[in-house]
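Colleague: Could you take me through this structure, please? I would like to start with the surface and then move on to other topics.

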Amino acid sequence: MNVQTVTSERKELVTVTGKRKRLFKFKGTVLGPVLAFIAFLSLWQLIPLLFGIAPFILPKPTDVIQAALENWTLLSPAIQITLGEAIIGFLLSAIIGIFVSVLLASSRILEISIYPYAIILQTIPVVAIAPIIVIWFGSGFNSIVIISFIFGLFPIISNTLMGLNSVDKNMQELFTLYNASKWQSMWKLRIPAALPYITAGLKVSSTLTILGAITGEYIAGIGGGKGGLGYAITVAAVQLKTPYLFACGIASAIFGIVFYLLVSYLSNMLLKSWHESAMKVEK
Amino acid sequence: MEIQQNPVVAFNRVKKVYNTGTVALSEFDLTIHEGEFISFLGPSGCGKSTALRMVAGLGEATNGTVTVFEQKPKDVIRNSNDIAFVFQEANLLPWRTVYDNVVLPLELRGTDKKSQKETAERVLEMVGLKDHLKSYPRQLSGGMKMRVSIARALSAKPKLLLMDEPFAALDEITRQTLQLDLLNIWKKENTTILFVTHNVYEAVYLSTRIAVMSARPGRLTAMIDVDLPYPRERANSKFTEYVNIASQSLEDTMGRRELGT
């Protein structure tokens, strides 16, 4: 009897600490960042007010929101254009990157002879070769997509290649023992095993392709069409429309985060159905 | 023992030297006949795994020859499903279900779906896992994973089953159950089994013959015929006697090595 009372008391103790823990967790994961965000916004709002800083030097958050709303007819199509360029650039770098990696991984000789050039391609600042791209593909959409594609390509190639080459030796031997052909090992072993690496590459590349699209818009202009975010930013900068400039910057940041989350979500879906173990490892 | 005298595996003065200069095997001679259950017993570094891998064509002899069904191991692998290998780890593909893992060898050889299904059901029944067809490897215990691994090896109906310390990572109770199950499979399927172990009890419990090996260089130092009826009783005095004999020959190989250095 005595023992039982002791254990029941203990149980209560445990639930109390459990509640506290949950509360603490809420404080730590939700409340903390929200408070920090509010504090940051208030400070940002206060500083220009207190020191009398002009909106074209440092606009207040309310100025930025106002500018965004006023220029919504410009901002909204700009986002759509950049989105289109980034998505096409991303898809191109994903498809071509994975295809090239599979090709390189299927032949040691190919990998040794071509991979160094892929690295060189990466180390050349894209900004430096962008004018050439503009000369070849004309100003506007095509060049921007290609610049975005180049930005996103390398992380996919390097990750995919690493994944394809880091298959467990025993598994590889198992396939050898069952007389699997090169393509059977590729499809049934190496690509599925590389999937967590590939999706990691896709995530990195998703943000880089947006960066690429905006950089591309800086360099390649609009070529007769409507401009994207990058173009809007250059125009706003020239006209000293600083609040709108801030709005564009924040819009591209939000847009980048959303795109990243979307790609993360899709790759988790892919891993869940295809590579259940990886889901667990990744958590 | 109704052991027929057809050689399944023949080691003929095999020597294996690695690039590092390590002599893994030296003057290794052994003939294994159909229906035998042979254990390679020895300390680590005695080349027992090296010998087993050569039988599977996963390594070439530096000198001498290894033949399986009087052919080169690699040719046997290329042309048939006669050799199957069970690794120390279960080595299951984590993205495939138990069923899909088991049919992998058949899938790779292009067997039709219907016979894949029949085979999978048969072998999973044999290892007692027919209720786990749709489970993923991560949902299984270590012992169950090893059962799937054995089922996969059996799915191709091998004539020769090579096992590289398959039960070494399992707990004692699971190991004993799997040992008994393996003996039943061996009887039912009428395969020849080559089994690498460093566990004396396991070797005596399972084998018709034990090949005792010494380390650096790996040599065959004793052959013990275990003349006990199956299933064997671990508490039996005859069993203990064989354990003592095997332990003694192991100790001899170790002692000789110590005196030599």
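Modeller: In this predicted model, eight residues form a nonpolar patch on the surface: A:L83, A:I87, A:I88, A:L91, A:L92, A:I95, A:I96 and A:F141.

Colleague: How much accessible area do they have together?

Modeller: The accessible area of the patch is about 630 Å².

Colleague: And which helix gives the largest share of the nonpolar patch?

Modeller: Helix α3 of chain A, residues 72-106, gives seven residues of the patch, the largest share. A:L83 is one of the residues placed in this helix.

Colleague: Let us turn to the interface. How many residues does each chain bring to the contact?

Modeller: Chain A brings 22 residues and chain B brings 24. Between the two chains an area of about 2,300 Å² is buried, and 60% of that comes from carbon and sulfur atoms.

Colleague: Which three residues of chain B supply the most of the area it buries against chain A?

Modeller: They are B:W95, B:L108 and B:R138, which account for 33% of the area that chain B buries against chain A.

Colleague: What about salt bridges and polar contacts there?

Modeller: Two salt bridges are found across the interface. B:E107 makes a salt bridge with A:K188, with 2.6 Å between the closest N and O atoms. Five residue pairs are in polar contact between the chains, counting pairs in which both residues have pLDDT 80 or more.

Colleague: Which element of chain B gives the most to the side that touches chain A?

Modeller: That is α4 of chain B, with four residues. By class, this side of chain B has 15 nonpolar, eight charged and one polar residue.

Colleague: How many salt bridges are there over all chains?

Modeller: The whole structure has 19. One pair is B:R209 and B:E36, whose closest N and O atoms are 2.6 Å apart. This pair links distant parts of chain B, 173 residues apart: B:R209 lies in strand β8 (209-214), while B:E36 lies in the loop between β2 and β3.

Colleague: One last topic, the backbone. Is the peptide bond from B:Y230 to B:P231 cis or trans?

Modeller: That bond is cis, and its omega is near -10°. B:P231 is in the loop between β9 and α9 of chain B.

Colleague: And what is phi of A:L240?

Modeller: Phi of A:L240 is near 55°, a positive value in a residue that is not glycine. A:L240 sits in the loop between α9 and α10 of chain A.

Definitions and conventions: Residues are numbered from 1 along each chain as its sequence is written. Chains are lettered from A and ligands numbered from 1 in the order in which they are written. This is a predicted model: local features need pLDDT of at least 70, side-chain atom pairs count only at pLDDT 80 or more; totals for chains, interfaces and linings use all residues. Side-chain values use heavy atoms; hydrogens and water are left out. Contact means heavy atoms within 4.5 Å. Buried area is the accessible area (1.4 Å probe) that two parts lose on being put together, summed over both. A salt bridge is a side-chain nitrogen of Lys or Arg within 4 Å of a carboxyl oxygen of Asp or Glu. A polar contact is a pair of N or O atoms within 3.5 Å; within protein, one must be able to donate a hydrogen and the other to accept it, and residues adjacent in sequence count only if both atoms are side-chain atoms. Helices (H or I, at least four residues) and strands (E, at least two) are DSSP runs, numbered from the N terminus. Ala, Val, Leu, Ile, Met, Phe, Trp, Tyr, Cys and Pro count as nonpolar, Asp, Glu, Lys and Arg as charged, and the others, Gly among them, as polar. Patches are made of residues with over 30% relative accessible area and no salt bridge: like charges are joined within 9 Å, nonpolar side chains (Val, Leu, Ile, Met, Phe, Trp, Tyr) within 5 Å. Accessible areas come from the Shrake-Rupley method with a 1.4 Å probe; for residues, only the protein chains shown count as cover.
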